[in-house]
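Hi,

Here is the structure I promised to pass along. Have a look at it first, and my notes follow underneath.

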Amino acid sequence: AGKFGDHRSGMEGSWCGKRASAATGSEQRGREQIAEARRAERDRERAQSAEDAAQRAGRIWADSAPAPTAHPYLIRHGLTTTHGARVTRDGKLVVRYIDLAAGDATRTVQFIPGEGAKKYLRGSSMAGAGVVIGDLSTDDPVVVITEGWATAAAVHQATGLPAVAAGSAGHLLDAARIIRARCPRAQITVAGDPGEVGERAAQAAAHSVSGR
């Protein structure tokens, strides 16, 4: 028997060489109790890892300097201002993701080099996290929810509308529901990245909050 999963997405499953139909009642109850205990332990480990990562993220953010507008990543994406981003001592752009439902609490940071892959702080949790660019406190706001930070920054720069980066297609739904709870009268538009994954995620998120 065994377990498998992906900590980043939260997907998990199990397998067993003996069919469930062949197990006795006591064997099945034993399996369920073991599985529940393992799930509880994993949940505790993930929660502690996320808390540790959030504290590290806060220190990294505090130690980072305001980003220059001439940073290669900003230039490549046509961003004329930093939109709140900072920069590490080795030149990586840093973006802070907060708890969208709990105000300004830091959840993680994303490192964006001039060239190469973007990375989130190891061990952090992205569920319900995001970056807010602009003001969500206005009456009847129009809010655009995107996957990545650069897209949110570009939307805000081009339109002046408040934009929220959810971090990935898989987190658009959570972000949309949280923003709907925070802004009940808002017109929400979900802008997924081009392609089947982004478009389907955007459609599902928009549908869940009566958005576009």
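Let me start with a question: which residue in strand 11 does valine 143 stand opposite? The partner is isoleucine 188. Before you read on, please keep in mind that this is a predicted model.

**The overall picture**

The chain has 212 residues, and 38% of them count as buried. I find 5 helices and 11 strands in the chain. The C-alpha trace spans about 65 × 40 × 30 Å along its principal axes. If you take the contacts between residues at least 6 apart in sequence, 50% of them join residues at least 24 apart.

**Around strand 9**

Valine 143 brings us to strand 9, which covers residues 142-146. Of its 5 residues, 4 are buried, so the strand is largely enclosed by the rest of the structure. Strand 9 runs parallel to strand 11 (residues 187-191), and 5 bridges join the two. Strand 9 also runs parallel to strand 10 (residues 163-165), this time with 3 bridges. In that pairing, isoleucine 145 has valine 164 of strand 10 as its bridge partner. To get from strand 9 to strand 10, the chain passes through helix 3 (residues 149-159), and this β-α-β crossover is right-handed.

**From strand 11 into helix 5**

The loop between strand 11 and helix 5 holds aspartate 193. With a relative accessible area of 31%, aspartate 193 is partly exposed. Although aspartate 193 and threonine 146 are 47 residues apart in sequence, their C-alpha atoms are 7.7 Å apart in space. Setting aside neighbours within four places in sequence, aspartate 193 is in contact with Glu147, Thr151, Gly198 and Glu199.

**Helix 5**

Helix 5 has 13 residues and reaches 18 Å from first C-alpha to last, close to the 18 Å expected at 1.5 Å a residue. Which of its residues are buried? They are Gly198, Ala201, Ala202, Ala205 and Ala206. These cover an arc of only 130 degrees around the axis, which puts them on the same side of helix 5. The cover over the buried residues includes helix 4 (172-182) and strand 11. Turn to the other side of helix 5 and you will see Glu196, Arg200, Gln203 and His207, which are exposed.

Two of those exposed residues also make a salt bridge: arginine 200 pairs with glutamate 196, and their closest N and O atoms are 3.1 Å apart. The two are 4 residues apart in helix 5 (residues 196-208), which means they are separated by about one helical turn.

**The other salt bridges**

How many salt bridges does the structure hold? There are 5, and besides the pair in helix 5, two more went into my notes. Arginine 107 forms one with aspartate 99, with the closest N and O atoms 3.5 Å apart. Arginine 107 and aspartate 99 are both buried, whereas arginine 200 and glutamate 196 are both exposed. The other one joins aspartate 90 to lysine 92, where the closest N and O atoms are 2.8 Å apart. Here aspartate 90 is exposed at 55% relative accessibility, while lysine 92 is partly exposed at 29%.

**Two positive phi values**

Most residues other than glycine have a negative phi, which is the reason I noted the next two. Histidine 83 has a positive phi near 55 degrees. You will find histidine 83 in the loop between helix 2 (72-76) and strand 4 (86-87). Is histidine 83 buried or exposed? Its relative accessible area is 18%, and since buried means under 20%, histidine 83 counts as buried.

The other case is serine 210, which is not a glycine either and has a positive phi of about 55 degrees. Serine 210 comes just after helix 5. At 69% relative accessibility, serine 210 counts as exposed, in contrast to the buried histidine 83.

That is what I have so far.

Best wishes

How values were computed:
Residues numbered from 1 in each chain as written. Predicted model: local features only at pLDDT ≥ 70, side-chain atom pairs only at ≥ 80, totals over all residues. Heavy atoms only, no water. Salt bridge = Lys/Arg side-chain N within 4 Å of Asp/Glu carboxyl O. Buried < 20%, exposed > 50% of the residue type's maximum accessible area, 1.4 Å probe, protein only. Pairing = 2+ DSSP bridges. Right-handed = clockwise from strand over helix to strand, strands pointing away. Expected span 1.5 Å × (residues − 1). Arc of directions from axis to C-beta. Contact = heavy atoms within 4.5 Å.
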